Amino acid sequence: ELQKISRAIVYLQAKGVATLDDLDAALSAVDGRAKALNESVKAKEGRMKKLQKLIEQGGHYNRFKPVHDELKTLKNGWGKKREKFEQAHESDLIIWNAANRFLHANLPEGTKSFKVSEWQKEFDELKAQSTGEYEELKTKRSEVKELQQIRKCIDIVEQAEQRTQEQTHQTPRRKKEDISL
């Protein structure tokens, strides 16, 4: 217990915490920063998931677009070239169509080109930011935990002190005549 108290004192002195109000303010500030970081990390992770899907589908779209373009140039004729081409490239065309539907459903209307490299750049930037924020979040969570433990110890001491004072005030005083030697 003495080591805990000693660490707490050193920690509080390092943080410039001298009063209970300072402790509560520090706890509130650190907890608030941790919550803000947590929300920011969650938002970035959500955007990164969306970007991953866009990158994946954009890659499929760009990879199989030449196959789709070639299909559009073929016309049904006596040789049924188009039909043979569709059969030969069925899986590529299915993937392209699925990517095309996904991208048009998830991008602003009128988007003509899909810049996978820009999405990848944004993803990489968000990942770097998210990683940095997550490391800071872990530090802040650790600080919150430390401050909460210190606050809990102080509360225990205050409760013990309050009980001691109540017992002192409740102990009946003896009259002089009750005391006999």
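This briefing walks through the overall form of one protein chain, its largest pocket and a handful of its residues.

The model is predicted, with local features needing pLDDT of at least 70 and side-chain atom pairs counting only at pLDDT 80 or more, while totals for chains, interfaces and linings use all residues. Residues are numbered from 1 along each chain as its sequence is written, and side-chain values use heavy atoms, with hydrogens and water left out. The chain has 5 helices and 0 strands; both kinds of element are DSSP runs numbered from the N terminus, helices being H or I over at least four residues and strands being E over at least two.

**Overall form**

- Following the sequence from start to end, you meet the pattern α-α-α-α-α.
- With a radius of gyration of 34 Å, well over the 16 Å that the globule rule gives for 181 residues, the protein chain is more spread out than a compact globule. The radius is taken over C-alpha atoms, and the globule rule is 2.2 Å times the number of residues to the power 0.38.
- Along the principal axes, the C-alpha atoms of the protein chain fill a box of roughly 130 × 30 × 30 Å.

**Surface and contacts**

- About 13800 Å² of the protein chain is exposed, and carbon and sulfur atoms supply 51% of that area. Accessible areas come from the Shrake-Rupley method with a 1.4 Å probe, and for residues only the protein chains shown count as cover.
- Of the 181 residues in the protein chain, 25% are buried. Here buried means under 20% relative accessible area, exposed means over 50%, and partly exposed is in between (1.4 Å probe, protein chains only).
- Take the contacts in the protein chain between residues at least 6 apart in sequence: 78% of them join residues at least 24 apart. A contact means heavy atoms within 4.5 Å.

**The largest pocket**

- The largest pocket holds about 390 Å³ of space. On a 1 Å grid over the protein atoms alone, a pocket is an open set of points with protein on both sides within 12 Å along at least five of seven lines, whereas a cavity is a set where a 1.4 Å probe fits but cannot get out; lining residues have an atom within 4 Å of a point. Grid points are joined across faces, edges and corners, and the volume is the space filled by probe spheres set on the points.
- The lining of the largest pocket has 14 residues, and K4, I5, A8, I150 and C153 lie nearest the centre.
- Helix 1 (2–15) and helix 5 (116–170) each give at least two residues to this lining, and helix 5 provides the largest share, 7 residues.
- By type, the lining of the largest pocket splits into 9 nonpolar, 1 polar and 4 charged residues. Nonpolar covers Ala, Val, Leu, Ile, Met, Phe, Trp, Tyr, Cys and Pro, charged covers Asp, Glu, Lys and Arg, and the others, Gly among them, are polar.

**Residues in helix 2**

In this group and the one after it, the listed touches leave out residues up to four places away in sequence.

- L27 lies in helix 2 and is buried, at 17% relative accessibility. L27 touches V144, L147 and Q148, and its C-alpha is 8.9 Å from that of R151, 124 residues apart in sequence.
- H60 belongs to helix 2 (residues 20–73). H60 counts as buried because its relative accessible area is 19%, and H60 touches I95, W96 and A99.
- N62, also in helix 2, is partly exposed at 39% relative accessibility. N62 touches F114 and V116, while 8.2 Å separates the C-alpha atoms of N62 and W96, 34 residues apart along the chain.
- H68 is in helix 2 and is buried at 14% relative accessibility; H68 touches L93 and W96.

**Residues in helix 5**

- E125 sits in helix 5 and is partly exposed, with a relative accessible area of 42%. The C-alpha atoms of E125 and H89 are 36 Å apart, with their positions 36 residues apart along the chain.
- K140 is found in helix 5 and counts as buried because its relative accessibility is 18%. K140 touches V30, R33, A34 and L37; K140 and A34 are 5.5 Å apart, C-alpha to C-alpha, and 106 residues apart in sequence.
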